[in-house]
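Tutor: Here are the sequence and the model. Which part would you like to look at closely?

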Amino acid sequence: GRHGAVLLCDRLISSAAAATTMVKKRTLHPRPLLDHSALLAFFDEHGWKEASARRLAGAVVRDGKAVSQVKDLPADAYDELPRSFAELTSTVESETWSLDRTTTKLLVRLGDGQRVEAVIIRNHHGGTAREDATVCVSSQVGCQMGCTFCATGTMGLLGNLSAGEILEQLVLARRYARVRAVVFMGMGEPLANCDSVLEAIEGMVDTQRFGISPDRVSLSTVGVTPRLRQLAVRAPHVRLALSLHAPSQGLRATIVPAAKAFPLPELMEAVAAYAAHTDRNILVEYVVIRDVNDSPAVAHECGALLRGGQYMLNLIPYNPTDVPHDYQPPLPHVVAEFARIVHDDYGVQVTVRKEKGADVAAACGQLVVRAPKGCSPGASGAGDCAGGEGARVGDLDVEDLAAPPAGSSAWGIGDTQGGSGAKGRVVQRRGAGAATRRAAAGSGNGAAPVAVQRAASPTGPRAAAAHGQGAAAVPASRAAAAAPFVVTAAGAVFLAAALAVASLASDGRTWGGSVGEF
């Protein structure tokens, strides 16, 4: 039954963890008022009506009211609630803006001093609070899945976030933009913190609270098989993205250590069952690493694995980051050939991801917070993002899904960043009223600008935010080249509808039909 599956999952997760030490359960006091199950239990313990708790939650989230401003609560609730709950337990410790101001990375300090990162991705340039945006949220402090390309995994697992702490990331993000979509693609494995994630999703789609359309909530997982079944039952509206990264069990286990606990054949069966149960297509994420999983032979294996299923393959050129492996980004023509093989020979829809936020370490695999003993994490490091000969620097990381701009074409048209001699800057602000430090730099060959941030103190570490680079990193230049993605017209319709991608770059190439580029 469900209880047995959950217990089995917990045992599997434990065996898959790179570290053998137990993670201490976090104790939150006060608790976030957005922890809805805890709030309902609190009202029940005091003999107060559940309807009052729901009215309170709606007023705080939807209307931005303080508890003291909410009318018609039980008389003693106004004194009792502040002793156990806080309207907001998280704060923004620092913010880092991308060159084009479409991406903002927030370093969020939790109530107990732990830190996570959230990323805001806007549909347009400008960075005003009136713009629609997608928020990439974290579900854990660190991660125990140990993916070898991902900086977050180098932290290990420091703790799970409560549902309220996940939702507080949306509250903080709403200060910067209008939140229209959410992706669970920040720090942590969402299905390893399944109960909190599911409760958070319920709050996101609740029309009395955040009111986000169920079709605009997406979740990325390495594939915690028993939890996939639970997700299909409790949140069938969620858009699922599977972090595959290799088409065979042997190769995948070297890149994703959790694969040893969740074998690929059983995982693919569970994913196919999820797709059938929810009647939704699955985005399959595949980080392409040079000379590791990018060969034509591996491409044929990948095509054979996905052929005939409800899948779209999203190739993600590796983002260099602080991991203990000498991984390198793939060559653009190698990625293009991989895409061609999978699409042309096996009929699988394929995209090649164009990262957004890499210049502030906010792209795929770059999220991590790390601090030496006695230090407090500061701002993230970032560097410039250079495209190689013939490469196009794209506008969006598909992990950061957002709605297409009004009046756009099927894929939309956005500015392609970079170009010889392109100049720009990344701005970091630390705390309300704090001094702002800016740096601008130009570089050739389509390079984006160098980013410089100010740490909280001379010895304070930094925090980073791109796919695999969530760890605190020293600002440094970084080359990143990407090839245009390949997708048929039918695939374009699926990706636009299922993932609501925005800020798409122009001048795309095609394989086998009308396509766009992002």
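Student: How many contacts beyond four places in sequence does the model have for residues 357-466, where pLDDT stays under 50? After that, please take me closely through strand 9 (residues 178-184).

Tutor: Happy to! This is a predicted model, in which local features need pLDDT of at least 70 and side-chain atom pairs count only at pLDDT 80 or more, while totals for chains, interfaces and linings use all residues. Residues are numbered from 1 along each chain as its sequence is written, and side-chain values use heavy atoms, with hydrogens and water left out.

For residues 357-466 the model has 408 such contacts, a contact being heavy atoms within 4.5 Å. The pLDDT, the predictor's confidence in each residue from 0 to 100, averages 72 over the protein, with 62% of its residues at 70 or more.

Now to your strand; strands here are DSSP runs of E, at least two residues, and helices are runs of H or I, at least four, both numbered from the N terminus. Strand 9 is largely enclosed by the rest of the structure, because 5 of its 7 residues are buried, meaning under 20% relative accessible area with a 1.4 Å probe, protein chains only.

Pairing requires at least two DSSP bridges between two strands. Strand 9 pairs in the parallel sense with strand 6 (residues 132-136) over 5 bridges, and A133 stands opposite V179 there. Strand 10 (residues 217-221) also runs parallel to strand 9, joined by 3 bridges, with V182 opposite V217. Between strands 9 and 10 the chain passes through helix 6 (residues 194-205), making a right-handed β-α-β crossover: with the strands pointing away from the viewer, the path from the first strand over the helix to the second runs clockwise.

How values were computed:
Buried < 20%, exposed > 50% of the residue type's maximum accessible area, 1.4 Å probe, protein only.
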